[in-house]
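Dear colleague,

I am passing on the structure we spoke about, with the sequence alongside. Please have it open as you read the notes that follow.

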Amino acid sequence: MPTTSKRITCDFYKCEVRSARPDLPDITVENIFRELVDLCESETSNAVREIQSVEYEVREISQTDFGFEGTALKYRKADLPHAAVPGGEEREIDLNDDEQLLEKEHFTFHADLGILILKRNIFAVSAMRFGKYLTRNGYTVSLNPIIEGANLKRLLADDVHIRVAKFKVARPTNPDLFTNLDHNFNNSLIQSLGSSNASSINLILRGDARSRDPESRYLDSNLKRAFLELNEKFDVKKAQLELEDDSGVGHPLDLITDRLFYDEVISIEGRYASLSQM
């Protein structure tokens with residue numbers, strides 16, 4: 001089997017579990033992964049879940065010294081690709097009536113940090129869908145992207161201010177879980193999305209660029225924490241900030257593209273990396 005090189009990219013997420021009802025006891029993400037281990041080891045059940053007409057599954061999950069690791073799968077039965085030799089005739093991929101294509105990605109969960117590392121595969125399970133997959137029995141799991149430390153430190157510095165903020169936010173599918181957020185700005189945003197019945201909202205907040213008075217030139221400093229909460233807990237499609245320090249130097253910051261990730265080129269035999277390599 002030929003050996004090839006492939007670049008693998010992994011994204012980092014902070015895991016959070018929230019209860020939808022006050023009468024439910026507190027649990028951790030570890031509890032949810034232990035339930036998945038039991039499902040995968042069962043001879044009478046499996047870990048397949050349907051989310052918005054698409055089926056997802058966790059396989060090869062096991063407990064490790066640091067937490068858990070496994071593989072997340074997405075089943076594809078619509079818009080199946082064709083196969084062809086370059087320049088040759090194309091053909092349909094023959095599948096049995098009960099078969100679907102699989103898109104796979106590896107994950108590891110580090111219990112001591114509460115961090116999930118998810119291999120990036122745009123065709124497989126997104127972080128938002130994986131959070132919905134883990135959501136069950138009245139508990140909602142959110143996977144919050146981690147911003148690179150240097151960028152986060154710069155944003156929160158006292159001598160750095162926000163001149164412009166641009167956001168595009170999708171309406172949550174269950175807005176009841178987003179009540180009583182830490183910041184009034186985000187509570188008002190939820191109310192606006194709910195009362196307008198809009199599927200998304202675009203926000204552009206600007207200070208007065210012509211003014212030299214900090215109170216007019218910059219947005220309120222309390223919005224820094226609000227924007228971080230917004231980026232962590234909502235389905236944010238765009239989150240771009242224009243920062244400026246006390247010396248007048250500008251710093252662009254994208255809360256989506258500046259998230260923490262790791263990539264490495266590895267050698268693989270065949271088409272896919274082994275579980276041990278991942």
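**Cysteines, cores and helix packing**

Cysteine 15 counts as buried, at 13% relative accessibility. Please keep in mind throughout that this is a predicted model. The cysteine sulfur closest to that of cysteine 15 belongs to cysteine 10 and lies 14 Å away, which is too far for a bond. Cysteine 10 is itself buried, with a relative accessible area of 14%. The structure holds zero disulfides, and for this pair the reason is plain, because a disulfide needs the two sulfur atoms within 2.5 Å and the sulfur of cysteine 10 is 14 Å from that of cysteine 15.

Turning to the interior, the largest nonpolar core has 26 residues, and those with the most contacts inside it are Phe33, Phe107, Leu116, Phe130 and Tyr133. Among the elements that give two or more residues to this core are strand 1 (3-19), helix 1 (29-41), strand 4 (67-76) and helix 2 (127-134), and the largest share, five residues, comes from helix 1. A second, separate core has 25 residues, including Ala165, Phe167, Ile190 and Val236.

Helix 2 deserves a closer look, since Ala127, Phe130, Gly131, Tyr133 and Leu134 are buried in it, and they sit on the same side of helix 2 because they cover an arc of only 160 degrees around the axis. Leaving aside residues up to four places away in sequence, tyrosine 133 touches Leu36, Ala47, Arg49, Ile51, Tyr56, Glu57 and Val58.

Which residues does glutamate 69 touch, not counting residues up to four places away in sequence? They are Glu60, Ile61, Ser62, Thr64, His106, Phe107 and Thr108, so the list includes Phe107, one of the residues with the most contacts inside the largest core. Glutamate 69 has its place in strand 4 and is partly exposed, with a relative accessible area of 22%. Its C-alpha atom is separated by 9.6 Å from that of arginine 59, and the two residues are 10 residues apart along the chain.

Finally, helix 3 (residues 149-156) and helix 6 (residues 223-233) pack at an angle of about 145 degrees, with their axes 10 Å apart. Leu152, Leu155 and Leu156 of helix 3 make the contact with Lys224, Arg225 and Leu228 of helix 6, and by class this contact has four nonpolar, no polar and two charged residues.

With best wishes

Notes. Residues are numbered from 1 along each chain as its sequence is written. This is a predicted model: local features need pLDDT of at least 70, side-chain atom pairs count only at pLDDT 80 or more; totals for chains, interfaces and linings use all residues. Side-chain values use heavy atoms; hydrogens and water are left out. A nonpolar core is a set of buried Ala, Val, Leu, Ile, Met, Phe, Trp, Tyr and Cys residues joined through side-chain atoms within 4.5 Å. Buried means under 20% relative accessible area, exposed over 50%, partly exposed in between (1.4 Å probe, protein chains only). Helices (H or I, at least four residues) and strands (E, at least two) are DSSP runs, numbered from the N terminus. Contact means heavy atoms within 4.5 Å. The arc is that of the directions from the helix axis to the C-beta atoms. Axes are lines fitted to C-alpha atoms, for helices over the stretch in contact, and angles run from 0 to 180 degrees between N-to-C directions. Ala, Val, Leu, Ile, Met, Phe, Trp, Tyr, Cys and Pro count as nonpolar, Asp, Glu, Lys and Arg as charged, and the others, Gly among them, as polar.
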